[in-house]
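The following account leads the reader through one structure, moving from one region to the next. Please keep the sequence and the coordinates in view while reading.

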Amino acid sequence: MENWFSSGGIYLLNNIWEKIDSEEDLTKEELCCLLSLEDPEQLELLYQKADKIRKKYVGDEVHLRGLIEFSNYCRNNCHYCGIRRDNKKIKRYRMEIDEILNTAILASHMGYKTVVLQSGEDMYYTTDKLVELIKLIKSNADVAITLSIGERSYDDYVRFFEAGADRYLMRFETSNPELYAKLHPDSSFENRMNILKWLKQIGYQTGSGIMIGLPGQSIEDLAQDILKFKELDLDMIGVGPYICHQDTPLAGNPNGTVEMTLKVIALTRIVTKNTHIPATTALATLRPADGREKALQAGANVIMPNVSPVKYREFYELYPNKICIRENAKQCNSCIKRRIFSIGRTISKGYGHSLKKKMDNAIAL
Ligand code: 5AD
Ligand code: FES
């Protein structure tokens, strides 16, 4: 890896700290310089600066989103993902509409004001079925709905929005188009970017994100990813480490690191200011003891507790050793509350909608 300090040294770094303090835009080179930091004191300083900006723009409240992993069937073959189509070793499951609804109601009874409906790209759930589900959840539970179900048609996205879906998550995974192409045999980078634009146009609060430490990913790629977050003007940004799954074409590659993930979270906060940034489950998987606390203290302000029925959890294996597969929704709820309170933060009672001005560009419905 290139050494970003060879030319400017400490002088350059002091300059960058000042730019962060005065909230000036950082260049790609400056982001690369910060992503290369390894000195523990300098890393601590970076996290502190991100924490300060987090406090100023999104406050001390942590927003909880109840995550329902409702199907692990997927038509795609992404090279990193454990639920890819060609993984024949995994047991597949689908939750029926009433079961998903009951799980959403349970989530709302636990105090979550958002449910995230996530699955592989599973066309068993037709547009009509999902529209019905969204309407049922909206009329039976006081929650915002986030969809995370992959690539569909423009008309589908409009129908889900009209039915009451508030938000949509779809990571672009990497902003390097060549790397994207290598990892995704079934989808194109261009199409993914177009979909993110559609989602915003339609009026969704839109989330995206990346994985850290993908095989072949460089520091420059990560700097570009962070600039991309800003350019896309996202409402939510998920950043988690890549974790190698043995039953994928990428078997044998190293995992992303906790440290690099925290650096990217911190810089994402510094660059994008008022976005919602989760402390991800993948990060907690690499560091169960305090990964999420560390993320919350380096710029993150959201946690997505798992509310999926326990009997399915082990099969939603995007990556191995996932946390919480033996716990139930109630146990995860108290675990997460304890962690949040332990670092002096509070839990939001609101929906935790986007803090950016919405609806100006929403299409007339
Ligand atoms: N390691 C870490 N994250 C993964 N995801 C998929 N597979 C892995 C993996 N092996 C992430 C992708 C996807 C999200 C739902 O899960 O970023 O967008
Ligand atoms: Fe599930 Fe801690 S969040 S056990």
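**From a buried strand residue to the ligand site**

Leaving aside neighbours within four places in sequence, Leu 67 is in contact with Val 116, Gln 118, Met 304, Pro 305, Asn 306, Val 307 and Ser 308. The model in which these contacts occur is a predicted one. Leu 67 belongs to strand 2, which comprises residues 66–71. With a relative accessible area of 8%, Leu 67 is buried. Thr 103 is 36 residues away from Leu 67 along the chain, and the C-alpha atoms of the two are separated by 9.6 Å.

Met 95 is located in the loop that runs between strand 2 and helix 4 (97–109). Met 95 counts as buried because its relative accessibility is 0%, the cut-off being under 20%. When neighbours up to four places away in sequence are set aside, Met 95 is in contact with Ile 68, Glu 69, Phe 70, Ile 100, Thr 103, Tyr 125, Pro 309 and Tyr 312. The C-alpha atoms of Met 95 and Ser 71 are separated by 6.2 Å, with the two positions 24 residues apart along the chain.

Attention now turns to the ligand. The residues around ligand 1 are Tyr 80, Cys 81, Gln 118, Arg 171, Glu 173, Met 211, Pro 241, Tyr 242, Ile 243, Leu 318 and Tyr 319. Sorted by class, this shell has 8 nonpolar, 1 polar and 2 charged residues. Gln 118, part of the shell, is also among the contacts of Leu 67.

Which atoms of ligand 1 lie 2.9 Å from Tyr 80 and 2.8 Å from Ile 243? In the case of Tyr 80, a backbone N or O atom lies 2.9 Å from a nitrogen atom of the ligand. For Ile 243, a backbone N or O atom is found 2.8 Å from a nitrogen atom of ligand 1. Glu 173 contributes through its side chain, where an N or O atom is 2.6 Å from an oxygen atom of ligand 1. On its own, ligand 1 has 410 Å² of accessible area, and the protein covers 87% of it.

Glu 173 lies in the loop between strand 5 and helix 7 (177–183). Is Glu 173 buried or exposed? Glu 173 is buried, since its relative accessible area is 10%. Most residues other than glycine have a negative phi. Glu 173, although not a glycine, has a positive phi of about 70 degrees.

Gln 217 touches Glu 173, Leu 179, Met 211, Ile 212, Leu 222 and Asp 225, residues up to four places away in sequence not being counted. Two of these contacts, Glu 173 and Met 211, are also among the residues around ligand 1. The side chain of Gln 217 reaches the backbone oxygen of Met 211 at 3.0 Å. Gln 217 has its place in the loop between strand 6 (205–212) and helix 9 (219–232), and with a relative accessible area of 15% it is buried.

The interior of the protein comes next. The largest nonpolar core has 108 residues, and those with the most contacts inside it are Leu 34, Leu 117, Phe 160 and Tyr 204. Helix 10 (residues 258–272) gives the most to this core, with 9 residues.

Phe 160 is one of the buried residues of helix 6 (residues 154–163), together with Asp 156, Tyr 157, Val 158, Phe 161 and Ala 163. These buried residues pack against helix 5 (127–140), strand 4 (144–148), strand 5 (167–169) and helix 8 (189–202). Phe 160 itself touches Thr 127, Leu 130, Val 131, Ile 134, Leu 147, Ile 149, Arg 152, Ala 165 and Tyr 204, not counting residues up to four places away in sequence. Just after helix 6, Gly 164 takes a positive phi of about 130 degrees.

Following helix 10, Lys 273 is found in the loop that leads to helix 11 (281–286). Lys 273 counts as buried, since its relative accessibility is 16%. The phi of Lys 273 is near 60 degrees, a positive value in a residue other than glycine.

Leu 283 is found in helix 11 and counts as buried at 0% relative accessibility. Apart from residues up to four places away in sequence, Leu 283 touches Pro 241, Val 258, Thr 261, Leu 262, Ile 265, Gly 291 and Ala 295. Of these, Pro 241 is one of the residues around ligand 1. Leu 283 and Leu 67 are 216 residues apart in sequence and 16 Å apart in space, C-alpha to C-alpha.

Terms used
Residues are numbered from 1 along each chain as its sequence is written. Chains are lettered from A and ligands numbered from 1 in the order in which they are written. This is a predicted model: local features need pLDDT of at least 70, side-chain atom pairs count only at pLDDT 80 or more; totals for chains, interfaces and linings use all residues. Side-chain values use heavy atoms; hydrogens and water are left out. A residue is near a molecule or strand if one of its heavy atoms lies within 4 Å of it. A polar contact is a pair of N or O atoms within 3.5 Å; within protein, one must be able to donate a hydrogen and the other to accept it, and residues adjacent in sequence count only if both atoms are side-chain atoms. Accessible areas come from the Shrake-Rupley method with a 1.4 Å probe; for residues, only the protein chains shown count as cover. Ala, Val, Leu, Ile, Met, Phe, Trp, Tyr, Cys and Pro count as nonpolar, Asp, Glu, Lys and Arg as charged, and the others, Gly among them, as polar. A nonpolar core is a set of buried Ala, Val, Leu, Ile, Met, Phe, Trp, Tyr and Cys residues joined through side-chain atoms within 4.5 Å. Buried means under 20% relative accessible area, exposed over 50%, partly exposed in between (1.4 Å probe, protein chains only). Helices (H or I, at least four residues) and strands (E, at least two) are DSSP runs, numbered from the N terminus. Contact means heavy atoms within 4.5 Å.
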